[in-house]
Amino acid sequence: QVQLVESGGGTVQAGTSLRLSCSASGDTACISIMGWFRQVPGKERELVATLTNGGNTNYAESVKGRFAVSRDDAKNSVFLQMNSLKPEDTAAYYCYTRTTRPCSGTNYWGKGTLVTVSS
């Protein structure tokens with residue numbers, strides 16, 4: 001199993017920046033991908049950005065050019081640098097990872113950190 005703990009959320013004004021961090025523990029040797037999802041009340045959780053072990057990234061169209069995902073594998077951590085924040089970026093942000101062989105193929109989520117962007 002993998003445990004994920006996020007930090008760095010808060011309330012900021014539109015146009016400013018925020019950096020989220022997530023630290024993984026447990027079966028970290030089996031991690032194949034790390035990233036971030038977000039969710040607002042009444043809507044489904046949506047992908048924000050992911051980064052595979054091979055360095056491939058995937059971003060939501062709405063954050064391309066503004067957000068950047070990065071990893072520090074030595075520290076089993078993933079980060080989300082969010083620039084030019086907009087009120088529509090307000091959401092609970094969840095750290096995400098997926099394990100692969102020799103562990104089971106399982107998705108894991110953190111408990112979430114709230115980001116509020118005021119106009």
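## Working through an all-strand model

Let's start inside the fold: Arg19 in β3 sits across from Gln81 of β8. This is a predicted model, where local features need pLDDT of at least 70, side-chain atom pairs count only at pLDDT 80 or more, and totals for chains, interfaces and linings use all residues. Residues are numbered from 1 along each chain as its sequence is written, and side-chain values use heavy atoms, with hydrogens and water left out.

**Exercise 1. Place the Arg19 and Gln81 pair in its strand neighbourhood, working outward from β3.**

Step 1. Strands here are DSSP runs (E, at least two residues), as helices are (H or I, at least four), numbered from the N terminus. Two strands pair if DSSP finds at least two bridges between them.

Step 2. β3 and β8 clear that bar, being antiparallel with six bridges.

Step 3. Now look for another partner of β3 (residues 18-26): β1 (residues 2-7) pairs with β3, again antiparallel and over six bridges. To pin down the register, take Gln3, whose bridge partner in β3 is Ser25.

**Exercise 2. Work out which strands pair with β4, and whether β4 is largely enclosed.**

Step 1. Take β9 (residues 91-99) to begin with: eight bridges tie it to β4, and the two run antiparallel. A handy landmark is Phe37, opposite Tyr94 in β9.

Step 2. Next comes β5 (residues 46-52), antiparallel to β4 over six bridges. Here Met34 faces Leu51.

Step 3. Check the turn. The hairpin of β4 and β5 has six residues between the strands, and in it Gly42 takes a positive phi near 85°.

Step 4. Now the burial, where buried means under 20% relative accessible area, exposed over 50% and partly exposed in between (1.4 Å probe, protein chains only). Seven of the nine residues of β4 (residues 31-39) are buried, so the strand is largely enclosed by the rest of the structure.

**Exercise 3. Contrast Gln13 and Val63: which is buried, which is exposed, and what does each touch?**

Step 1. Locate them. Gln13 belongs to β2 (residues 10-13), while Val63 is in the loop between β6 (57-59) and β7.

Step 2. Read off the accessibility. Gln13 is exposed at a relative accessible area of 56%; Val63 is buried, at 0%.

Step 3. List contacts, meaning heavy atoms within 4.5 Å. Skipping neighbours within four places in sequence, Gln13 is in contact with Val117 and Ser118. With residues up to four places away left out, Val63 touches Arg38 and Val48.

Step 4. Add some distances. Val63 and Val48, 15 residues apart in sequence, have C-alpha atoms 7.1 Å apart. For Gln13 and Asn53, 40 residues apart along the chain, the C-alpha separation is 33 Å.

**Exercise 4. Explain what makes Asn76, Ser84 and the Arg101 to Pro102 bond worth a second look.**

Step 1. Set the baseline: most residues other than glycine have a negative phi, and most peptide bonds are trans.

Step 2. Asn76, with phi near 50°, has a positive value without being a glycine. It lies in the loop between β7 (67-72) and β8 (77-82) and is partly exposed, at a relative accessible area of 25%.

Step 3. Ser84 also isn't a glycine, yet its phi is positive, about 50°. Its loop is the one between β8 and β9, and Ser84 is partly exposed at 40%.

Step 4. Finally, the peptide bond joining Arg101 and Pro102 is cis, with omega about 10°. Pro102 is in the loop between β9 and β10 (107-109).

**Exercise 5. Zoom out and describe the overall architecture and dimensions of the protein.**

Step 1. Count the elements: eleven strands and zero helices.

Step 2. Test compactness with the C-alpha radius of gyration and the globule rule (2.2 Å times the number of residues to the power 0.38). The radius is 14 Å, close to the 14 Å the rule gives for 119 residues, so the protein is as compact as a globular protein of that length.

Step 3. Get the extents: the C-alpha trace spans about 45 × 25 × 25 Å along its principal axes.

Step 4. Finish with burial and contacts. Buried residues are 39% of the 119, and among contacts with a separation of 6 or more, 53% link residues 24 or more positions apart.
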